[in-house]
Amino acid sequence: MKVIVSPATISGSVTANPSKSAMQRAVAAALLAKGRTTIHNPGLSNDCLAALEVAENLGAMVKRVNEDIEITSNGVQPFYDEINCGESGLGIRMFTPIAALAEQQITINGHGSLVTRPMHFFEEVLPELGVKIRSQDGKLPLEIHGPLQAKDITIDGSLSSQFLTGLLMAFGSVADKAQIRVTDLKSKPYIELTLQIMAHFGVKVRQENFEVFHFDKKQEYKAGEYTVEGDWSGAAFLLVAAAVAGKAEVHHLNTLSAQSDKAIMEALEKAGAEILPGVFTMIVVKKALKAFEMDATDCPDLFPPLVALAANCKGITRIKGVSRLAHKESDRGLTLQEEFGKMGIRIDLEGDVMLVHGGTGIKGAVVHSHNDHRIAMACAVAALTADGAVTIGNAEAINKSYPEFYDHLVALGGVIEKEEVTA
């Protein structure tokens with residue numbers, strides 16, 4: 001599918017889509033719990049649906065009841081010897097240690113960009129925990145044979161915090177006086193989110209400065225109810241749209257959330273947008289925007305909306321954390337440089353820093369998502385202030401995390417045409 005986004009003024013209010021980060025973690029916790037868990041305000045993006053399917057294949061019963069999802073489980077007791085995590089990086093990294101709790105051999109697969117992402121971490125770590133593992137030269141599919149035994153271990157946290165999330169959740173089910181020590185941990189707020197959700201389901205982890213995580217006694221996940229909060233990652237695009245093209249009110253956003261992408265508010269403030277925070281509501285109003293500096297090392301998913309914002313700011317914006325972008329759905333540093341370049345925005349990559357030359361005027365163009373949901377959304381937001389329409393190829397990539405995005409943009413005044421592309 002391709003979409004054509006025309007310049008427009010933004011005005012109105014929408015409710016943020018559910019957080020896929022929280023939803024996937026809640027599904028994993030519900031799988032590890034014994035009993036029935038009800039998830040309110042569930043996310044139904046492709047990544048969330050993949051997580052629900054993995055939970056089913058690992059032994060849970062999943063049912064849609066009105067607007068809720070019910071997950072009934074008795075722990076990890078796989079129905080099948082293979083699981084598929086779709087294109088979810090969090091899914092593959094979180095569910096691999098969880099699947100390793102089973103005694104049987106399991107093949108773990110995915111598709112799309114996931115098959116190119118490195119999985120050497122598991123080859124190095126899982127054997128230390130009693131799990132046999134085989135990969136295809138560090139790539140999918142993985143064959144694992146547990147059961148995982150929780151032991152004191154030291155891991156490298158520099159590539160992604162998602163590996164640690166998987167180990168923490170798996171340890172929570174079996175650990176008795178064990179600890180995980182982490183060096184060079186990135187995206188600490190996401191680990192805070194993991195610990196919050198584990199605690200909600202009855203498993204408490206004692207941590208020291210996000211460097212040592214202690215499991216002091218044997219614990220069990222407890223089934224119950226969980227409400228998924230709004231997604232700051234997706235809402236960031238709507239908030240930027242308001243800052244560059246009008247005014248918008250986005251509901252169901254928790255300013256006390258552990259989601260790292262709430263840092264978009266820091267960037268908007270630095271850029272000069274007017275911000276009116278409410279109770280679980282954010283209102284952003286367009287003002288004269290200036291270049292800003294931002295360290296996005298702990299929130300790399302913000303790079304695409306930050307670039308859309310910076311393109312509208314007068315001056316050169318500096319964003320640190322480019323090293324975190326290589327193993328996303330695309331190599332996002334290069335993809336942003338290429339696609340925004342088509343719209344007349346110069347982006348320089350200097351080591352770990354991205355320089356966005358803004359305020360020069362965004363041009364109408366034909367761009368491509370590279371099958372990356374956040375690239376598609378960033379281009380759509382940039383189109384709002386372009387001098388002509390922007391056509392986005394492979395625009396359905398948004399379904400990975402935010403299938404309602406184009407509809408929400410239209411609800412705020414966006415002018416969007418959708419065209420199906422026949423092969």
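In which strand is Gly358 found? Gly358 belongs to strand 21, residues 353-358, in a predicted model whose local features need pLDDT of at least 70, whose side-chain atom pairs count only at pLDDT 80 or more, and whose totals for chains, interfaces and linings use all residues. Residues are numbered from 1 along each chain as its sequence is written, and side-chain values use heavy atoms, with hydrogens and water left out.

**View 1. Surroundings of Gly358 in strand 21.** Strands (E, at least two residues) and helices (H or I, at least four) are DSSP runs numbered from the N terminus. Gly358 is buried, with a relative accessible area of 10%, where buried means under 20%, exposed over 50% and partly exposed in between, for a 1.4 Å probe and protein chains only. Leaving aside neighbours within four places in sequence, Gly358 is in contact (heavy atoms within 4.5 Å) with Ala310, Ala311, Cys313, Lys314 and Gly315. The C-alpha atoms of Gly358 and Gly315 are separated by 5.4 Å, although the two residues lie 43 residues apart along the chain.

**View 2. The hairpin of strand 20 and strand 21.** Strand 20 (residues 346-350) pairs with strand 21 in the antiparallel sense over five bridges, pairing being assigned if DSSP finds at least two bridges between two strands. Leu349 stands opposite Met354 in strand 21. Two residues lie between the strands of this hairpin, in which Gly351 takes a positive phi near 65 degrees.

**View 3. An open sheet of four strands.** The strands follow the order 2-15-17-16, with mixed pairing. Strand 2 (10-15) and strand 16 (274-277) stand at the edges, each with a single partner strand, so one side of each is left without a neighbour in the sheet. Strand 2 and strand 15 (residues 246-251) run parallel and are joined by six bridges, and Thr15 stands opposite His251 in strand 15.

**View 4. Helix 7 against the sheet and helix 8.** Helix 7 lies across strand 2, strand 15 and strand 17 (281-285), running at about 155 degrees to strand 15; axes are lines fitted to C-alpha atoms, for helices over the stretch in contact, and angles run from 0 to 180 degrees between N-to-C directions. The axes of helix 7 (residues 232-245) and helix 8 (residues 264-271) come within 10 Å and cross at roughly 15 degrees. The contact is made by Trp232, Ala236, Leu239, Val240 and Ala243 of helix 7, together with Ile264, Met265 and Leu268 of helix 8.
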